[in-house]
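I opened this notebook to record a few residues that I looked up one by one. Each entry notes where a residue sits and what surrounds it.

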Amino acid sequence: MVVRTYDEELKYIERINASSYRIKIGFQPNMNVEGIFYVNNHLEKLLFEELRNSCHGKQGGFLPGLKQIANVAALPGIVGKSVGLPDIHSGYGFAIGNMAAFDMDDPASIVSPGGVGFDINCGVRLLRTNLFEKDVQPVKEEIAQSLFDHIPVGVGSKGVIPMTAKDLDEALEMGMDWSIREGYVWAEDKEHCEENGRMPGANASMVSGRAKQRGLPQLGTLGAGNHYAEIQVVDEIYDKLAASTMGIQETGQVCVMIHSGSRGFGHQVATDALAEMEIAMKRDKIVTNDRQLACARINSKEGQKYLKAMAAAANFAWVNRSSMTYLARQAFAKQFNTTAEDLDMHVIYDVSHNVAKIEDHIVDGKPKRLLVHRKGATRAFPPNHPLIPADYQSIGQPVLVGGTMGTCSYVLTGTDQAMSETFGSTCHGAGRAMSRATAQKKLKYTEVLDNMKSLGIAIRVASPKLVMEEAPESYKNVTDVVDTCEAAGISKKCIKLRPIGVIKG
């Protein structure tokens, strides 16, 4: 293995413009395509510091994000570029905030669980209401407590949605259609959900008994880590037409954002697949730069099994967020002594940011069917794309970008430039700036909670000592992230939201 100095490494990295850099072929062995990453002046410092530390032997844990982008560029069947979005940070195999697309017509092309993540279909859902801040401020502590009482949170939390093994198998294959059939959500909810809340190809029989055992008690639970339910207020509107189309009329309007995924179920699906793929790689003589990039040919037995199990996990996550939607509506209706319908608690949109999906794109001027891996990346399709809801055709697909606890979140819209540059993808959140272990050492949970209260935010947490990991100081500035995406043309700012109530595990 060639060991290069930091200055030698920099020769492979070239600025394209104010918001992006190119990673040249040769930065890591066997690269098939170049890498690209989007950053502004503030965000680039973290990535380059991470690379410098690795050259000096100080990098612990995962490889630096820039190396991971380049290692993904060496995977068989990749087309276009390996893309790093502004919220990128080191992760398992793929960096979080890394997306890549693989040619479905190339028999060598692979699918990699490291390109999806362990929390399959971790994603964000945004509900609007017809309430305003003046309606909620006097009772924000009560409504925060009500949400906390209704939605099970924390490590090992168990759901209140009754499930049998048969129910689970049906939910895994039906997705939100199961939630609608069981009366947990409104029929129109799925119209504002990626894939209509039902991933095609899901097959419950491809999922291990262990994954089902872990998932059965967890439907309708928030979990811990960076997952949350927030009561948010519209703080700024950048695109009045797009916001109005989503039912957001003016600043001060109250929304509810839910960020969660497939819990232990998805984690087990990924764990099972990685073990099987390590064996398949030896059989099919697939070599990667990093053992964490375990993968299988898309059309192999292992590749197909994973895609069917992953789709089932994606459906689990949509049912999970739907179940929490049901509970959030109950909490608000009870607090305001009315109905969720009268509160206009409609789903604005629901997006995934950890998934691999078969999509049609143009590559080198020709239509191609691709398997697009988005890990910590959000689909951002432009106006008039057939896969976005009819009522959003004129504005483009809503993109939900969750911020850090106590700061702000954003609603963006997709663009044509995203289709040509990033296979219709943009950022997903703020992205970590400090590891969880470092945050635990540097911060005090009492100070984090006191800071939230000083900002006027009602907070309820199941595990107070875990909040250091999620403190704003642990993350990049989400405004830098979305501004970079807008400057690069891969998404457009629409709405800024600030939290007044936070529910966390």
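Entry 1. I turned to the side chain of Thr-129 and looked for polar partners. A polar atom of this side chain lies 3.1 Å from the backbone nitrogen of Leu-131. I also noted that the backbone oxygen of Val-254 lies 2.7 Å from a polar atom of the Thr-129 side chain. The model I am reading is a predicted one.

Entry 2. I then located Thr-129 in the chain and found that Thr-129 belongs to strand E7, residues 123-132. Is Thr-129 buried or exposed? The relative accessible area of Thr-129 is 0%, so I entered this residue as buried, the limit for that word being under 20%.

Entry 3. Next I looked up Asp-350, which has its place in strand E11, residues 347-352. I recorded Asp-350 as buried because its relative accessibility is 0%. I also checked Asp-350 against Trp-178: the two are 172 residues apart along the chain, and their C-alpha atoms are separated by 17 Å.

Entry 4. I went on to the surface and asked which residues form a negative patch. I listed Glu-188, Glu-191, Glu-341, Asp-342 and Asp-391 as the residues that form this patch.

Entry 5. From that patch I chose Glu-188 for a further look. Glu-188 is found in the loop that runs between helix H7 (176-181) and helix H8 (209-215). With a relative accessible area of 36%, Glu-188 is partly exposed, since that term covers values between 20% and 50%. The value for Glu-188 also fits its place in the patch, because patch residues need over 30% relative accessible area.

How values were computed:
Residues numbered from 1 in each chain as written. Predicted model: local features only at pLDDT ≥ 70, side-chain atom pairs only at ≥ 80, totals over all residues. Heavy atoms only, no water. Patch = residues over 30% accessible without salt bridge, like charges linked within 9 Å, V, L, I, M, F, W, Y side chains within 5 Å. Areas by Shrake-Rupley, 256 points an atom, 1.4 Å probe, with all protein chains shown as cover. Salt bridge = Lys/Arg side-chain N within 4 Å of Asp/Glu carboxyl O. Lys, Arg positive; Asp, Glu negative; His and termini not counted. Charge placed at Lys NZ, Arg CZ, Asp CG, Glu CD. Helix = DSSP H or I, 4+ residues; strand = E, 2+ residues; numbered from the N terminus. Buried < 20%, exposed > 50% of the residue type's maximum accessible area, 1.4 Å probe, protein only. Polar contact = N/O pair within 3.5 Å; in protein donor to acceptor, adjacent residues only side chain to side chain.
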